[in-house]
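Reader: I have a chain open here and would like to talk it through before I set anything up. Could you take me through it?

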Amino acid sequence: MSSDLSIILPRVLIVSRRTLRKNKFVDFVGEYHLDLIVSYGAVPVIVPRVSGVHMLLSSFEPIHGVLLCEGEDIDPSWYEEGDNNGTLSQDELDEIRRVHASDTAIDKEKDSIELSLAKLCLERNIPYMGICRGSQVLNVACGGTLYRDIGKELSKKCPESQRVMHINYDDYDGHRHVVKVVDNTPLHSWFKDSLDEAKMEISVNSYHHQGVKRLAQRFVPMAFAPDGLIEGFYDPDVYNPEEGKFIMGLQFHPERMRKSNSDEFDYPGCPFAYKEFVKAVIAYQKKMNNLTCVPKSPKLNKEMEVKRKIIVRSFSLARNLYTSGHGKRGSSKDSELEAGAEFLESNTALSVQQENRLKQMGATVRNAGSYVERLKLNEEREKMARNVMGKMPVEQLSDLLSFYHTMAQICSQVLETKIHDLVVNNN
């Protein structure tokens, strides 16, 4: 058994948060997140908040899950048009920056990294869980908007009895406020044993001054605070942990909902978000392994090995003729070229990748004329593709590279199987 668990266990990417310590930047991730991911059977892979990392996300493949958590406010330019500050005056914005100084310092690099990861998860249905800021990132990535400040934009419109303190700087871990859980949602199933059917409420830990204003269309709310703020949401069309499907955001912190001076959770359902998320991550990894696992080349018997060598010899002769300008061919060479021609004609539906591969092997027999024409057409298509891609932004090219990397793995598997079948059928 391999001792390298990173090869065996699925990988969950978590982006670090940056802070200043002794005049140096330090990147960190909360220990509760790491502990829970490991305890349920996955490996956390920390993505450092370093300039340029958003262009290198393909280097972190394979990605089996993404967990995004705390951080500073998201740059409002990602969800507000132009210079629109909503209903907030400049004086109100200045006051927000004074009161929430530790959170209002925009980190554009972290925004770029996390929004790129969120969009990647949405495109490829990679399991995603967003906690606190991570839920806001998910909503923004799908076209939703945020309150720049809950106190200024939401609380002041509510009756005094419905106002909620969503952040308490003096009691980071101990602060709680009530949320009402929506029936028939994953959150309800996790906390059902702790819910009073008459109230459907639990007390949650939160630490945020921003939140979901307009929920993206694809999502369904799972919980509301008394002031109406959405405290949790998910995509019901992409939720089935057993099948590797999990797209969810929680504004509160279930990982920190623990009894005073203890690791015991407030409710048995607190760790279930992590448990079900990792379950989905494990299922997603298995699904990807089934798609990309290329079977080992079959061991050929003596007769099949002879046939394989004849085909390889045929392509080799054809390549020599092609590179030498189609020189004279003797009758012996014609008979040897015949094996390669028959192989080509038995596989008429060639992909561009196959054609390039066969071109390198010298596939110029029988159908040489039409083959050359197809190669010319492919060259024209390649030129057009280069022109189009030359105008694409770096992030879009990175997404495209990741997609075709996966397609290449699948294509390689299918091609290997077809060649094996052809050799077996010729036996």
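Author: What follows goes from the confidence of this predicted model to its overall make-up, a helix pair and a few single residues.

Reader: Good, so what does the pLDDT average over the chain, and how many residues score at least 70?

Author: The chain averages a pLDDT of 80, and 76% of the residues score at least 70. Over residues 1-6 the pLDDT is below 50, and that stretch has five contacts in the model beyond near neighbours in sequence. Residues 364-368 also stay under 50, with 12 contacts in the model beyond four places in sequence.

Reader: And how many helices and strands does the chain have?

Author: There are 13 helices and 13 strands, and 44% of the 427 residues count as buried. Taking contacts between residues at least 6 apart in sequence, 72% of them join residues at least 24 apart. The accessible surface comes to about 22,800 Å², with 52% of that belonging to carbon and sulfur atoms.

Reader: Switching to H4 and H5, at what angle do their axes cross?

Author: The axes of H4 (residues 108-124) and H5 (residues 133-141) cross at roughly 65° and come within 9 Å, and the crossing is right-handed. On the H4 side the contact includes Leu115, Ala118 and Leu122, which together with other H4 residues meet a set in H5 that includes Val137, Leu138 and Ala141. By class, this contact has seven nonpolar, five charged and no polar residues.

Reader: Which loop holds Cys132, and what is its phi?

Author: Cys132 lies in the loop between strand S6 (128-131) and H5, and its phi is positive, about 60°, although it is not a glycine. Met200, in the loop between helix H7 (186-191) and strand S9 (201-204), also has a positive phi, near 55°.

Reader: Why does Cys132 count as buried?

Author: Cys132 counts as buried because its relative accessibility is 6%, and the cut-off for buried is under 20%. Met200 counts as buried too, because its value is 13%.

Reader: Which peptide bond is cis?

Author: The bond from Glu61 to Pro62 is cis, with omega near 0°, and Pro62 sits in the loop between strand S4 (43-47) and strand S5 (65-68).

Reader: Last one: where is Asp235, and what is it in contact with beyond four places in sequence?

Author: Asp235 is in strand S12 (residues 230-240) and, leaving aside neighbours within four places, is in contact with Arg218, Phe219 and Ile247. Phe219 is 16 residues from Asp235 in sequence, yet their C-alpha atoms are 4.7 Å apart. Asp235 counts as buried because its relative accessibility is 3%.

Key:
Residues numbered from 1 in each chain as written. Predicted model: local features only at pLDDT ≥ 70, side-chain atom pairs only at ≥ 80, totals over all residues. Heavy atoms only, no water. Helix = DSSP H or I, 4+ residues; strand = E, 2+ residues; numbered from the N terminus. Buried < 20%, exposed > 50% of the residue type's maximum accessible area, 1.4 Å probe, protein only. Contact = heavy atoms within 4.5 Å. Areas by Shrake-Rupley, 256 points an atom, 1.4 Å probe, with all protein chains shown as cover. pLDDT = per-residue confidence, 0-100. Axes fitted to C-alpha atoms, helices over the stretch in contact; angles between N-to-C directions. Left-handed = near helix turned anticlockwise from the far one by under 90°. Nonpolar A, V, L, I, M, F, W, Y, C, P; charged D, E, K, R; others polar.
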